Protein chains: 2
Amino acid sequence: MVRPSTAAETPEPADESYDLAEQVGFIMRQAAQRHVSIFNEIMGSDLTPTQWAVLARLYQDGGSSQNLLGRQTAMDAATIKGVVDRLLKRKLVQTKPDPQDGRRLIVELSPAGVDYTRELLPKAETVTKVTLAPLATNQRATLVALLKQLR
Amino acid sequence: MVRPSTAAETPEPADESYDLAEQVGFIMRQAAQRHVSIFNEIMGSDLTPTQWAVLARLYQDGGSSQNLLGRQTAMDAATIKGVVDRLLKRKLVQTKPDPQDGRRLIVELSPAGVDYTRELLPKAETVTKVTLAPLATNQRATLVALLKQLR
DNA sequence: TGATCCTCGTTCGTATACGAACGATATTCC
DNA sequence: GGAATATCGTTCGTATACGAACGAGGATCA
């Protein structure tokens, strides 16, 4: 590590109680990055984690309005729109107006999307398995339980 | 939940073993989102978590080359460049060529950046505290320890 | 009925995040 | 010395992520 002598060097004994590498946020960001990397390796780079979240949610529970779908997959209205648009372009998803509510846009899997999602399900399970591989079995449940409390 | 009867509805009994809401990746993304939200509330929206990571790292250990700084703060070369550029524009950081290596660009805190970072340190500690607030004391160390194994 | 308020979807702007490719510079090895 | 290789910083393109603002539609209530 180079520590050139300049006015920019830490001039006072720094607050030793703060170490970036020990902050949850920083560590969580790194863990998330590793997870995404594993996801891309296993699922293939043609599908992102958020896109997969949308497919999986629609596969599990059928169609819903776009904004509700966003809430179910942890995306705000602006983000879910972009994700749905890209899935629409690939015809994995289709939309139609809600007859009950003129503001709503119903999003659902296309038949091709259903097939595609079903084929990917085993790989998605592998992603979770590989992500948790460094932990002992009992630790995995612990981690998930703790993370759930931080939502 | 509306489940309109169409060809897109889940046509087969879905693989019940896969529930999106139970996958680590998905839960971790939500926990990270909450953390960022807390960060923005406490630190103010004029500084992002990654920008703070750079400031904190430079404050702790002094200047380093841009790419090394990126590795220390968990950003690739393309990402760290953007972050450094924005910090440069705000004059919180300054750069100079490395006399030892013509490829390297040394990044360090400006005097204003040192002051700014020092003032924010207490708030940064609060961010971690609030993020972990839902957990019992002994659970906090457990979570951090487990997350560290997933880097 | 009409005014108010809320939700829905959309758009814009900014900031990560990262793969890929590029030229410039260092290092390694023959 | 010189060629192969590696690293550095840069740029481009694409995809989240989200605050903010907007118009259209729906719900509430006087």
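**The surface around DNA strand D and a sheet in chain B**

Sorted by class, the surface near DNA strand D comes out at 9 charged, 9 polar and 5 nonpolar residues. The model is a predicted one. Of the 23 residues around the strand, those that come nearest are T48(A) and T50(A) from one chain, and R29(B), N67(B) and R71(B) from the other. On the DNA side, sugar and phosphate make up 74% of the strand D atoms that come within 4 Å of the protein.

Some of the phosphate contacts can be picked out one by one. T48(A) puts a polar side-chain atom 2.4 Å from a phosphate oxygen of DNA strand D, and for R29(B) the corresponding distance is 2.7 Å. Q51(A) joins in too, with a side-chain N or O atom 3.1 Å from a phosphate oxygen of that strand. As for whole elements, two or more residues each come from α2 (49-61) and α4 (77-89) of chain A, and from α1 (24-43), α3 (66-72), α4 (77-89) and β3 (101-109) of chain B. The top contributor is α4(A), with 4 residues.

Now to the sheet in chain B. Its 3 strands form an open sheet in the order β1-β3-β2, paired antiparallel. β1 (64-65) and β2 (93-98) sit at the edges with a single partner strand each, so one side of each has no neighbour in the sheet. Between β2(B) and β3(B), which run antiparallel, there are 6 bridges, and P97(B) faces L105(B) of β3(B) across the pairing. Helix α2 (residues 49-61) of chain B packs on this sheet and touches β1, β2 and β3, its direction making about 95° with that of β3(B).

Conventions:
Residues are numbered from 1 along each chain as its sequence is written. Chains are lettered from A and ligands numbered from 1 in the order in which they are written. This is a predicted model: local features need pLDDT of at least 70, side-chain atom pairs count only at pLDDT 80 or more; totals for chains, interfaces and linings use all residues. Side-chain values use heavy atoms; hydrogens and water are left out. A residue is near a molecule or strand if one of its heavy atoms lies within 4 Å of it. A polar contact is a pair of N or O atoms within 3.5 Å; within protein, one must be able to donate a hydrogen and the other to accept it, and residues adjacent in sequence count only if both atoms are side-chain atoms. Ala, Val, Leu, Ile, Met, Phe, Trp, Tyr, Cys and Pro count as nonpolar, Asp, Glu, Lys and Arg as charged, and the others, Gly among them, as polar. Two strands pair if DSSP finds at least two bridges between them. Contact means heavy atoms within 4.5 Å. Axes are lines fitted to C-alpha atoms, for helices over the stretch in contact, and angles run from 0 to 180 degrees between N-to-C directions.
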